[in-house]
Amino acid sequence: MIDPDTRAADWAADAEADGVDEAEEMPLSLRLSIADALTLGNATCGFMAVYFTTTGILIPHLTGSTETGMARNSAATAVILMLCAAIFDLFDGIVARKLRSSPMGAELDNLSDLISFGLAPAYFVLVYGMVADDAQQKVSAVAAIVVLLAVVLRLARFSCVTMKDGMFQGMPSPFGALTVVSIILLELPFIPTLLAIIGTAWLMVSRVEYPKPRGVLAAAMLSWIVGAMAMLAAWAFDAPGGQFLLQAGCALQVVLGAVIPLFATARRVNTFRGNRRESREARQAEAAQLR
């Protein structure tokens, strides 16, 4: 006759051994790294940006609330969350290069970027078309779809096209998302706002090269994001000069979005001219040797 206590001990030992074996045999694709955790923080911030845009801006507008302070605070919170998502996106790449990255890290990054820098800013554009006095809702909905599809195409191309080290093709989606919301916060007339948003979407799917944020550029980007958060907080709490700081920061973001492609184009033209000059000088040298 088998002792019940002995049988229970054997079952416990077998279960423990099975648990160890399952942990050891767990595929690498199911193990999250530190970089993956940061990427999931990116996705969370993007979702919460949509939440605050809905509860603090859209719902009060639909219910007829006249409390402008709540809408301002919610708009600032939504944009700050997008900025936090950009910080997570910046650091998950740095951590992935320094430490181990899981095999599904790239896929997680693309999906999180789609939420934070595709869905969140596109939804911001959509809500802007519903609450702004001079906006047209249907046209704004089309602009929101254009922004979303531009990010989808940009991320898909990023996964398929191999660029030279240190460069992006097309405006990076975090930079594009922040540019789109900056255009809206500038409170320009509807037509210029619409054209600027569509122009930003075009830059995201263009072939214009943008430098990757590494080293000094990454530090400058982080400083700019922190400064933008401070400007948004000053505006949200109606601090003295807060409105001016917000307008100045948004204008600077839009100017950077327009100027960087000009520098990239000028650099490409100069490179092309330099190559032509070198080829011409090489041909002249060959001709002189034949003489």
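Which helix gives the most to the lining of the largest pocket? In this predicted model, helix H3, residues 68–98, gives the most to that lining, with eight residues. The points below take up the largest pocket and the largest cavity, then helix H4, the cysteines, and finally a few residues in loops.

**The largest pocket**

- The volume of the largest pocket is about 1200 Å³, and its lining is made up of 46 residues.
- Asp89, Phe168, Pro172, Lys212 and Pro213 are the lining residues that lie nearest the centre of this pocket.
- Sorted by class, the pocket lining holds 26 nonpolar residues, together with twelve charged and eight polar ones.

**The largest cavity**

- When the whole structure is searched, one cavity of 30 Å³ or more is found, and the space in the largest cavity comes to about 160 Å³.
- The largest cavity is lined by 14 residues, of which Val79, Ser182, Ala228, Leu232 and Cys250 are the closest to its centre.
- Four elements give two or more residues to the lining of this cavity, namely H3, helix H6 (173–185), helix H8 (216–236) and helix H9 (242–290).
- The lining of the largest cavity divides into eleven nonpolar and three polar residues, with no charged residue in it, whereas the lining of the largest pocket includes twelve charged residues.

**Helix H4**

- Helix H4 covers residues 105–131, and because a helix is expected to rise 1.5 Å a residue, its 27 residues should span 39 Å; the C-alpha atoms at its two ends are 38 Å apart, which agrees with that expectation.
- H4 nevertheless contains a kink of about 30 degrees, and this kink is centred on Leu114.

**The cysteines Cys45 and Cys84**

- The count of disulfides in the model is zero, and Cys45 accordingly takes part in none, the nearest cysteine sulfur to its own being that of Cys84, 5.1 Å away.
- Why is the sulfur of Cys84 not bonded to the closest cysteine sulfur? The closest cysteine sulfur, in Cys45, is 5.1 Å away, which is too far for a bond, because a disulfide requires the two sulfur atoms to lie within 2.5 Å.
- Cys45 has a relative accessible area of 10% and is therefore buried, since buried means under 20%.
- Cys84, at 23% relative accessibility, counts as partly exposed, because its value falls between the 20% limit for buried and the 50% limit for exposed.

**Residues in loops**

- Most residues other than glycine have a negative phi.
- Glu187 has a positive phi, near 60 degrees, although this residue is not a glycine; Glu187 is found in the loop between H6 and helix H7 (190–205).
- Asp238, likewise a residue other than glycine, has a positive phi near 55 degrees, and Asp238 belongs to the loop between H8 and H9.
- Are Glu187 and Asp238 buried or exposed? Glu187 counts as exposed at 59% relative accessibility, and Asp238 is exposed as well, with a relative accessible area of 59%, because the class begins over 50%.
- Leu188 also has its place in the loop between H6 and H7, and Leu188 is partly exposed, with a relative accessible area of 36%.
- Measuring from C-alpha to C-alpha, Leu188 and Asp134 are 9.9 Å apart in space, while 54 residues separate the two in sequence.

Conventions: Residues are numbered from 1 along each chain as its sequence is written. This is a predicted model: local features need pLDDT of at least 70, side-chain atom pairs count only at pLDDT 80 or more; totals for chains, interfaces and linings use all residues. Side-chain values use heavy atoms; hydrogens and water are left out. On a 1 Å grid over the protein atoms alone, a cavity is a set of points where a 1.4 Å probe fits but cannot get out, and a pocket is an open set with protein on both sides within 12 Å along at least five of seven lines; lining residues have an atom within 4 Å of a point. Grid points are joined across faces, edges and corners, and a volume is the space filled by probe spheres set on the points. Ala, Val, Leu, Ile, Met, Phe, Trp, Tyr, Cys and Pro count as nonpolar, Asp, Glu, Lys and Arg as charged, and the others, Gly among them, as polar. The expected span of a helix is 1.5 Å times one less than its number of residues. The bend at a residue is the angle between axes fitted to the seven residues ending there and the seven starting there. Buried means under 20% relative accessible area, exposed over 50%, partly exposed in between (1.4 Å probe, protein chains only).
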